[in-house]
Amino acid sequence: MAMDNAYLMQFVDETSFYNRIVLSHLLPSSMWEHLPHFLQTWLRNYLAGNLLYFISGFLWCFYIYYLKLNVYLPQDAIPTRQAMLLQINVAVKAMPCYTLLPTVSEYMIESGWTKCYSRVGEVSWILYFVSIATYLVLVEFGIYWMHRELHDIKPLYKHLHATHHIYNKQNTLSPFAGLAFHPVDGILQALPHVLALFIVPIHFTTHLGLLFMEAIWTANIHDCIHGNIWPVMGAGYHTIHHTTYKHNYGHYTIWMDWMFGSLRDPLLEEVNN
């Protein structure tokens, strides 16, 4: 799709709208209105990312560790407050870097470098959903191999991914571990979301929504509760990943692990144990 300046301005107008919604409700106008558009966008992503991380994390912990105590997890499987505070500390330090990635992706979209389109009505509903499915398959493939290489390439594991794998037992994992990465590690694992923009036509706001849904999804797969919903790569699978280090690298589904021989089923683990 050829994009002229008038069309590209639709993306700028849309990001400016999102900036105003978030920043005007969280900060005095004197703190952000004078900032360049790129910095406004980063500040919006940073504040929204923190809110999403803390709200989803606290609500999920309150539900599974307090309201449903001994329903989903026994008392001895609940992580300590110290472990969760450590995870929060790692995530908060990395958040400025994490939120730089969607900011850069929005800049590239506004510049016309990607295949993003501005309005859902520009394509048919069939193409809209086919594009989302294709986008998610590419993201799943990219995250699987990025995650696997972060384990297989020893310097990458030692200097980047090991930060996340200090949480290697059920009673050390919590929803707050979902974003407790070295900042470069977190960016690398989210990078397929951005690379897919150059391959698949995707609706701009849908892309942003999927990218920020990562915060909720990663909280979910670190709660150690096996939902057993095929073919979802739920927390039961991901807990095995944290304890064996060589299985279940996938993100949303088990398909990539099944295709490339790294799948380990938590139900079979229970039978064997």
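Good morning. I shall begin with helix α9, residues 235-244, which is largely enclosed by the rest of the structure, because 8 of its 10 residues are buried. Please bear in mind throughout that this is a predicted model.

Which residues of α9 are buried? They are Ala235, Gly236, Tyr237 and His238, followed by Thr239, Ile240, His241 and His242. Immediately after α9 comes Tyr245, whose phi is positive, at about 70°.

I turn now to a pair of helices. In general, two packed helices are described by the angle between their axes and the distance between the axes. Here the pair consists of helix α1, residues 5-26, and helix α4, residues 100-110; they pack at an angle of about 150°, and their axes lie 8 Å apart. Angles over 145 degrees count as roughly antiparallel, so α1 is roughly antiparallel to α4. On the α1 side, the contact is made by Leu8, Phe11, Val12 and Thr15. On the α4 side, Glu106, Ile109 and Glu110 take part. By character, the residues of this contact comprise 4 nonpolar, 1 polar and 2 charged.

My last topic is the cysteines. A disulfide is a covalent bond between the sulfur atoms of two cysteines. How many disulfides does the structure hold? The number is 0. Two cysteines may be described by their accessibility. Cys97 has a relative accessibility of 34% and therefore counts as partly exposed, since that class lies between the 20% and 50% limits. Cys116, by contrast, has a relative accessible area of 0% and is buried.

Thank you for your attention.

Terms used. Residues numbered from 1 in each chain as written. Predicted model: local features only at pLDDT ≥ 70, side-chain atom pairs only at ≥ 80, totals over all residues. Heavy atoms only, no water. Buried < 20%, exposed > 50% of the residue type's maximum accessible area, 1.4 Å probe, protein only. Helix = DSSP H or I, 4+ residues; strand = E, 2+ residues; numbered from the N terminus. Axes fitted to C-alpha atoms, helices over the stretch in contact; angles between N-to-C directions. Parallel < 35°, antiparallel > 145°, perpendicular 65-115°, else oblique. Contact = heavy atoms within 4.5 Å. Nonpolar A, V, L, I, M, F, W, Y, C, P; charged D, E, K, R; others polar. Disulfide = S-S within 2.5 Å.
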